[in-house]
Amino acid sequence: MSEQKRHITLSELQRAVKETLTGRFALPLWVAAEVADLKVNYSGHCYLELVEKGERDGVPRAQARAVIWRSAYGRVAAQFEAGSGQRLAPGLKILARVLVTYHELYGFSLQIVDLDAAYTLGDMERRRQQTIAQLQADGVWDMNRELPLPTVVQRVAVVSSRNAAGYQDFCNELKKSGYAYRLELFDAFMQGEQAEESIIAALEAVAERADGFDAVAVIRGGGSTTDLNCFNAYRLCAHVAQFPLPVLTGIGHDKDTSVADMVAAVALKTPTAVAGWLNERMAAFEARLDNAALQLHAAVTELIHNDMLRLERASSELRRTAALALVNRRSRLDRVAADLRMYASRVTLQRRERLEQIERQLPERVAEFLRRRSDRLAAAEEVVFAHAPERVMRLGFSVVRAGGRALCSIDAVQAGDALEIELADGRVRGRVEEKTKK
Amino acid sequence: MAEIESILARFRSEEMNVDTLAAEVRRATELIASCKERLKRAEADVKTVLGE
């Protein structure tokens with residue numbers, strides 16, 4: 001049987017630890033940590049999980065449970081919210097005034113008796129600045145604001161929470177305008193721990209159908225106390241900055257401008273303001289249309305008026321020209337008629353003179369003609385008279401016939417042939433005695 | 001007149017024998033007489049027409 005070793009009981013140990021701790025940490029002290037988890041239970045006590053993460057890797061270095069008793073919770077939470085503009089929530093870095101406690105049954109715990117809102121605010125601001133610096137370093141800072149905004153922003157993807165008052169305000173304000181918007185809600189958690197990832201998921205869903213929308217509105221109602229952290233978070237802001245459509249924000253705060261607001265194409269304070277902005281843009285476009293219609297009307301009226309003037313001028317010009325042309329033609333016609341009369345009378349005169357000339361010459365011509373005929377007849381008569389046989393025979397010529405035919409050659413007769421010789425005053429008969437050729 | 005001229009042409013060409021000659025001369029003489037008569041009438045007509 002071995003000798004029993006010296007020992008103390010668990011409770012004795014616990015008591016010793018507790019006494020040591022209480023002695024060592026008698027007074028409250030300020031501790032910086034991050035809220036990893038937070039629950040307010042039915043009894044009104046607030047239980048937290050505090051953590052300290054590595055600066056670079058985010059790996060927890062230390063962790064501890066903490067509690068704010070119901071008796072302090074109301075005051076501490078209200079002061080924190082008022083001072084930081086934030087509801088106490090996981091993800092926040094806090095500076096807490098704590099009492100170190102140790103309980104035999106529940107172990108190590110920190111009892112928070114106060115919070116320094118300024119520290120949280122400073123941390124948020126630091127993170128905000130980091131996000132800004134990172135986005136600028138990425139070269140995406142101006143990207144969304146440089147996107148061209150359609151003249152008419154009509155098809156709007158809305159990233160919001162279906163039941164949020166802000167979303168209803170937004171819809172009502174648009175409806176009031178009477179313009180035909182085409183809205184599509186992409187439901188997302190707009191606050192709480194899941195907000196950032198939820199909003200990013202909604203934005204990604206919109207981006208997949210970017211062609212179907214003119215812009216995306218990220219809206220969230222609520223007071224200034226709601227937490228803005230996710231809208232300063234790098235990942236969400238990087239999504240907004242690089243979003244393929246112009247982003248309109250109406251995140252519902254008026255204290256601070258979030259980084260998301262800074263990178264968004266159009267940043268407005270509330271959902272109602274976003275709706276108002278859309279309505280104004282529509283109204284401006286409508287006014288431009290109205291103005292264009294007026295100008296068109298004026299221009300057309302002027303054109304018509306000018307054309308009518310031109311037409312009138314042209315028609316009076318036409319009348320004038322026509323009258324002038326008519327006068328010209330008439331005077332030309334008159335001239336031609338006069339010329340014609342003159343020409344006609346001249347021709348008539350010429351013809352008359354010629355006729356008179358002919359008339360004068362006619363007797364002489366006729367006489368000459370008759371005289372010529374008479375002369376020719378006389379000449380012919382003379383020739384005929386010269387040929388008359390009676391006259392020729394009286395000159396001593398006679399016609400010798402043989403066998404009833406007049407002889408023209410000695411070859412027509414033979415010696416001894418009977419001959420009949422005709423003279424002017426009678427006939428002689430004889431015979432051929434001899435032929436002598438000449 | 002054309003006939004007279006053709007008879008005269010035949011006289012000039014001497015292609016006429018004595019027997020036909022007498023007949024041609026007679027024909028020509030008749031024609032000449034007829035022409036003279038017509039000429040005389042024409043002269044008288046002309047005188048009447050122009051004299052009016």
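In which strand of chain A is A:Ile421 found? I located A:Ile421 in strand β13, which covers residues 418-422 of chain A, and I kept in mind throughout that this is a predicted model.

**Entry on A:Ile421.** I looked up the exposure of A:Ile421 and found a relative accessible area of 24%, so I noted the residue as partly exposed, given that this class begins where buried, under 20%, ends. I then listed the partners of A:Ile421 beyond four places in sequence, and these are A:Ser398, A:Val399 and A:Val400 on one stretch, together with A:Gly426, A:Arg427 and A:Val428 on another. I also checked A:Arg401, which lies 20 residues away along the chain, and its C-alpha atom is separated from that of A:Ile421 by 6.2 Å.

**Entry on chain A.** I recorded 10 helices and 14 strands for chain A, and 32% of its 438 residues count as buried. Among the contacts in chain A with a separation of 6 or more, 63% come from residues 24 or more positions apart. The chain exposes about 28,200 Å², of which carbon and sulfur atoms supply 54%.

**Entry on α9(A) and α1(B).** I followed helix α9 of chain A, residues 271-387, to helix α1 of chain B, residues 2-13, where the two axes come within 11 Å and cross at roughly 40°. The pair is therefore oblique, and I noted the crossing as left-handed. From α9(A), A:Arg376, A:Leu377, A:Ala380, A:Val383, A:Val384 and A:His387 meet B:Ile4, B:Glu5, B:Leu8 and B:Phe11 of α1(B). I sorted the residues of this contact into 7 nonpolar, 1 polar and 2 charged.

Note on methods. Residues numbered from 1 in each chain as written. Chains lettered and ligands numbered in written order. Predicted model: local features only at pLDDT ≥ 70, side-chain atom pairs only at ≥ 80, totals over all residues. Heavy atoms only, no water. Helix = DSSP H or I, 4+ residues; strand = E, 2+ residues; numbered from the N terminus. Buried < 20%, exposed > 50% of the residue type's maximum accessible area, 1.4 Å probe, protein only. Contact = heavy atoms within 4.5 Å. Areas by Shrake-Rupley, 256 points an atom, 1.4 Å probe, with all protein chains shown as cover. Axes fitted to C-alpha atoms, helices over the stretch in contact; angles between N-to-C directions. Parallel < 35°, antiparallel > 145°, perpendicular 65-115°, else oblique. Left-handed = near helix turned anticlockwise from the far one by under 90°. Nonpolar A, V, L, I, M, F, W, Y, C, P; charged D, E, K, R; others polar.
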